[in-house]
Amino acid sequence: MARELGLQGIDHQLAGFVRALRAAGAEASVAEAIDAARAVALVGYADRETLKSSLSVALAKSEEEKAICDEVFELYFRVPERGQDAEQSADGDGSDGEQPPAPRTGDAEVDALLDLAEQQAAGDPGAMAAALQRAGQKAGVDDIRFQSQTAFLTRQLLEAMGIRKLEQQQQQLEAGAEGEEGEQGEAGTALRQTLAAARARLQRQARAHVEQRFALFGKPATEAFMAEVAVQRPLGRMSPADMDRMKTAVARMAKRLAQRHSHRRRITLRGQLDLRRTIRANAGHDGVPVKLHFKHKRVDKPRIVAVCDVSGSVAAHVRFLLLFLYALQGTVADLRAFAFSNRLRDVGPPLETLPFDDAMALILKEVGGGSTDYGQAWQDLYDQHWQLIDGRTTVLVLGDGRSNMTNPRLDLFGELAARAKRVVWLSPEGEGRWGTGDSALLQYRPFCTHLGHAATAADLERAIDEALSAYG
């Protein structure tokens, strides 16, 4: 797995930490992982605080990533818990003086497990933690994805540690316990108790190790899977749990779009050689092309005017479209958002000044009431904001086109389409319902650059991506 992530040459402990960091949402690059490896080579693993600070400096690029790095560090490099016996001894509840050595079986592998359990109980968990780490690698514990795998992987980890032999020894002693008497019986009882206590302690520590790895690797993978399911789920049928996941998913999708289109704008193409301008400019050099001139392609910066129907049937879709757009503030140079049910209103100010959920609640409260009237919305846009529409503007319309049999004002919509660079209309209804009842979508269709069905967040992402690509 480390090789797949570009972490070859980095020790397994650090490679696992970088994997956990990426799973938690921090984008640690290969170069940053190499820097982290160099830092670890200098400071080592012994000083916990120095290690934490060094990894944070090497792998975190923002305050948000630093918080993630610190949280993952505390979980990944968690100090193992002391055994109960050690705690009792530290509190003065244990027996004073040296304890007699615990009995042993004579089997090297079983006795090694007894030593691990004894050290854990005595307050020295280092050996147990190292053994769990090695066995966990062999059992593939870091590949855990679902909590339901915990019991299976706990058993696999114990098997990798060699617990089967310990269990066999325990079973054999219990089977022959009836015939034991005197000192032999006492020794047998002591050994059985030692084996049972060691087995219980190993099981507890193994399960705790697997649960820790689930928190690091499995839980983020489960959340990513559930978020992917939510992204493909119709927006009108979102559960409360889906809504919470969608906020995170949409933020990541918007960030991905921003990175893609910001990168595209940073690329400067020199264009084709302009031969005529080059010859004219170098006439004083006897035609020798000392200074070259190129034909440059003009790249417009994205300008989006979003017009959103916020009637009840479209409200969920509007929420995520606006969440997308306002997460793209650094990418879209000029973004204006309007909402209507009948009268059009500029909703940019509340979205810019209030928390998003509060802004949406205010928009739905103040704009969402009333009978839907698309014609009146186009008239309001014409009267108050027509100067925003020009040859660089993409008009993004989200609505079902159902206007309660009012005048759709195709004249104004046609003029809007003629002024704009593109008109993209996203409908929450499927194509089979367009033009039925009071739907005017088929009447608007000839004026649209693109008219499509947008039922899920993935559909919205695709539509916004295409709109921004027109400026590439």
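**Exercise 1. The second largest cavity**

Task: in this predicted model, determine which helices each supply at least two residues of the lining of the second largest cavity, and describe that lining by class.

Solution.
- Step 1. The helices that each supply at least two residues of this lining are α7 (126-139) and α10 (182-231).
- Step 2. Helix α7 gives the largest share of the lining, 3 residues.
- Step 3. The full lining of the second largest cavity consists of H12, Q133, G136, Q137, V141, D142, H209 and R213.
- Step 4. Sorted by class, these residues are 1 nonpolar, 5 polar and 2 charged.
- Step 5. The space in this cavity is about 40 Å³, and the model has 2 cavities of 30 Å³ or more.

**Exercise 2. Helices α6 and α9**

Task: find the angle at which the axes of α6 and α9 cross, and state how the two helices are oriented to each other.

Solution.
- Step 1. Helix α6 covers residues 108-121 and helix α9 covers residues 163-175; their axes come within 9 Å and cross at roughly 100°.
- Step 2. Angles of 65 to 115 degrees count as roughly perpendicular, and α6 and α9 are therefore roughly perpendicular to each other.
- Step 3. On the α6 side the contact is made by E109, V110, L113 and L114, and on the α9 side by I163, K165, L166 and Q169.
- Step 4. The class count for this contact is 5 nonpolar, 1 polar and 2 charged residues.

**Exercise 3. Helices α13 and α19**

Task: give the packing angle of α13 and α19, the handedness of their crossing and the residues that meet.

Solution.
- Step 1. Helix α13 (residues 315-327) packs with helix α19 (residues 457-469) at an angle of about 45°, the axes being 10 Å apart.
- Step 2. That angle makes α13 oblique to α19.
- Step 3. The crossing of α13 and α19 is right-handed.
- Step 4. From α13, H317, F320, L321, F324 and L325 meet A457, L460, E461 and I464 of α19.
- Step 5. The contact of α13 with α19 has 7 nonpolar residues, 1 polar and 1 charged.

**Exercise 4. Helices α3 and α4**

Task: describe the crossing of α3 and α4 and divide the residues of their contact by class.

Solution.
- Step 1. The axes of α3 (residues 48-59) and α4 (residues 63-76) cross at roughly 145° and come within 10 Å.
- Step 2. The crossing of α3 with α4 is right-handed.
- Step 3. In α3, the residues R48, L51, K52, L55, S56 and L59 meet E65, K66, C69, D70, F73 and E74 in α4.
- Step 4. The contact of α3 with α4 divides into 5 nonpolar, 1 polar and 6 charged residues.

Note on methods. Residues are numbered from 1 along each chain as its sequence is written. This is a predicted model: local features need pLDDT of at least 70, side-chain atom pairs count only at pLDDT 80 or more; totals for chains, interfaces and linings use all residues. Side-chain values use heavy atoms; hydrogens and water are left out. Axes are lines fitted to C-alpha atoms, for helices over the stretch in contact, and angles run from 0 to 180 degrees between N-to-C directions. Helices (H or I, at least four residues) and strands (E, at least two) are DSSP runs, numbered from the N terminus. Angles under 35 degrees count as roughly parallel, over 145 as roughly antiparallel, 65 to 115 as roughly perpendicular and the rest as oblique. A crossing is left-handed if the near helix is turned anticlockwise from the far one by less than a right angle, and right-handed if clockwise. Contact means heavy atoms within 4.5 Å. Ala, Val, Leu, Ile, Met, Phe, Trp, Tyr, Cys and Pro count as nonpolar, Asp, Glu, Lys and Arg as charged, and the others, Gly among them, as polar. On a 1 Å grid over the protein atoms alone, a cavity is a set of points where a 1.4 Å probe fits but cannot get out, and a pocket is an open set with protein on both sides within 12 Å along at least five of seven lines; lining residues have an atom within 4 Å of a point. Grid points are joined across faces, edges and corners, and a volume is the space filled by probe spheres set on the points.
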